[in-house]
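Visitor: Please show me the model, and let me ask how its labels are earned.
Guide: Gladly; here it is.

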Amino acid sequence: MAGPMFLYTIRQIKLPEYETIRQLDREAFVYNIHGGEADYHEIFADKVRRSPYFIPELDLAAEKDDGLIIGHGIFSRLPMGDTGTRAVILNSLAVRHGENDSRRENFFEFQRKGVGQAIIRAGFEIAKSLGFTACVVSGNPDVYHGRLGFRHYYELGLVLDSSVKEAGSTIFASELGPDGFAGTNKILGFPGYDFL
């Protein structure tokens, strides 16, 4: 894939790269406009990997043509009245913070170049190939709402159960094919996600 000034590919993470990913995730969230999430995100992917819902094929890196990893996304199974065979959740998405990034000057070396969207698109294709039909994410509405098919969860007939602590305005869903949530109970909950 091509960004404005660099080429990159999306591929599965390798075990020796876990520390690189920890640092990338941490740094991306240190400089996040909301801040305060760096410690949490540094170890978040490790928690997902230890969970019963982990899908190795959906632990993805965006790698620049010179070998630098510039993005990371991790999805896992999301049981919705089934055994987690229909829906996935995008647990985390991070794009590398560049050394010369400046929010004031609106300059970003890797962020805001479509890398995150490319990781999500690749994740959707892999998820579909594994038989998944839907995806859920909790995150910034400016990032997810209306992009890549993500809509507010209720627009797809989903309801939240009491285990969901996030604000409903930050929860989005996308169907990876027609009637993507068919075969689920359409109840979105995170009771088995206490590992997070």
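What follows is a set of questions on salt bridges, rings and burial in a predicted model.

Visitor: What makes Arg-11 and Glu-63 a salt bridge?
Guide: The closest N and O atoms of Arg-11 and Glu-63 are 3.0 Å apart. The cut-off is 4 Å, from a side-chain nitrogen of Lys or Arg to a carboxyl oxygen of Asp or Glu. The pair therefore qualifies as a salt bridge. By this rule the structure has 9 salt bridges.

Visitor: Which parts of the chain does the pair of Arg-11 and Glu-63 tie together?
Guide: Arg-11 belongs to strand β1 (residues 8-12), and Glu-63 to strand β2 (residues 54-64). These parts are 52 residues apart in sequence, so the bridge ties together distant stretches of numbering.

Visitor: Why is Arg-11 called buried, and why is Glu-63 called partly exposed?
Guide: Buried means under 20% relative accessible area, and exposed means over 50%. Arg-11 has 15%, so the residue counts as buried. Glu-63 has 22%, which lies in between, so the label is partly exposed.

Visitor: How do you know that Asp-66 and Lys-64 form a salt bridge?
Guide: Their closest N and O atoms are 2.8 Å apart. That is within 4 Å, so the rule is met.

Visitor: Are Asp-66 and Lys-64 buried or exposed?
Guide: Asp-66 is exposed, because 54% is over the 50% mark. Lys-64 is buried, because 15% is under 20%.

Visitor: Which residues are joined into one network by salt bridges that share partners?
Guide: The network holds Glu-19, Arg-22, Asp-46, Arg-49 and Asp-59. Within this group, the side chains of Asp-46 and Arg-49 meet at 3.0 Å, N to O. Asp-46 and Arg-49 are both buried. They sit 3 residues apart in helix α2 (residues 38-50), so about one helical turn separates them.

Visitor: What makes Arg-49 lie over the face of Tyr-18?
Guide: Arg-49 is 3.8 Å from the ring centre of Tyr-18. The rule asks for CZ of Arg within 6 Å of the centre and within 35 degrees of the ring normal. Arg-49 is listed as lying over the face of Tyr-18.

Visitor: Why is the pair of Tyr-144 and Phe-150 called edge-to-face?
Guide: The structure holds 3 aromatic pairs. In this one, Tyr-144 and Phe-150 are 5.7 Å apart, centre to centre, with 80 degrees between the planes. Centres within 6.5 Å make a pair, and planes over 60 degrees apart make it edge-to-face. Both conditions hold, so the name fits. Tyr-144 and Phe-150 are both buried. Ring pairs also link Phe-124 with Tyr-144 and Phe-150 in a cluster.

Visitor: How do you know that Ile-74 is buried?
Guide: The relative accessible area of Ile-74 is 0%, under the 20% limit, so the residue is buried. Ile-74 is part of strand β3 (residues 69-77). Beyond its neighbours within four places in sequence, its contacts include Ala-45, Val-48, Arg-49, Phe-54 and Leu-58. Asn-91 is another of these contacts. The C-alpha atoms of Ile-74 and Asn-91 are separated by 5.7 Å, although the two residues are 17 apart along the chain.

Visitor: Why does His-152 count as buried?
Guide: Its relative accessibility is 15%, under 20%, so His-152 is buried. His-152 lies in strand β6 (residues 151-152). Apart from neighbours within four places in sequence, His-152 touches His-145, Ser-169, Ile-171 and Phe-172.

Terms used:
Residues are numbered from 1 along each chain as its sequence is written. This is a predicted model: local features need pLDDT of at least 70, side-chain atom pairs count only at pLDDT 80 or more; totals for chains, interfaces and linings use all residues. Side-chain values use heavy atoms; hydrogens and water are left out. Rings of Phe, Tyr and Trp (its six-membered ring) pair if their centres lie within 6.5 Å; planes under 30 degrees apart count as stacked, over 60 as edge-to-face and the rest as tilted. Buried means under 20% relative accessible area, exposed over 50%, partly exposed in between (1.4 Å probe, protein chains only). Helices (H or I, at least four residues) and strands (E, at least two) are DSSP runs, numbered from the N terminus. Contact means heavy atoms within 4.5 Å.
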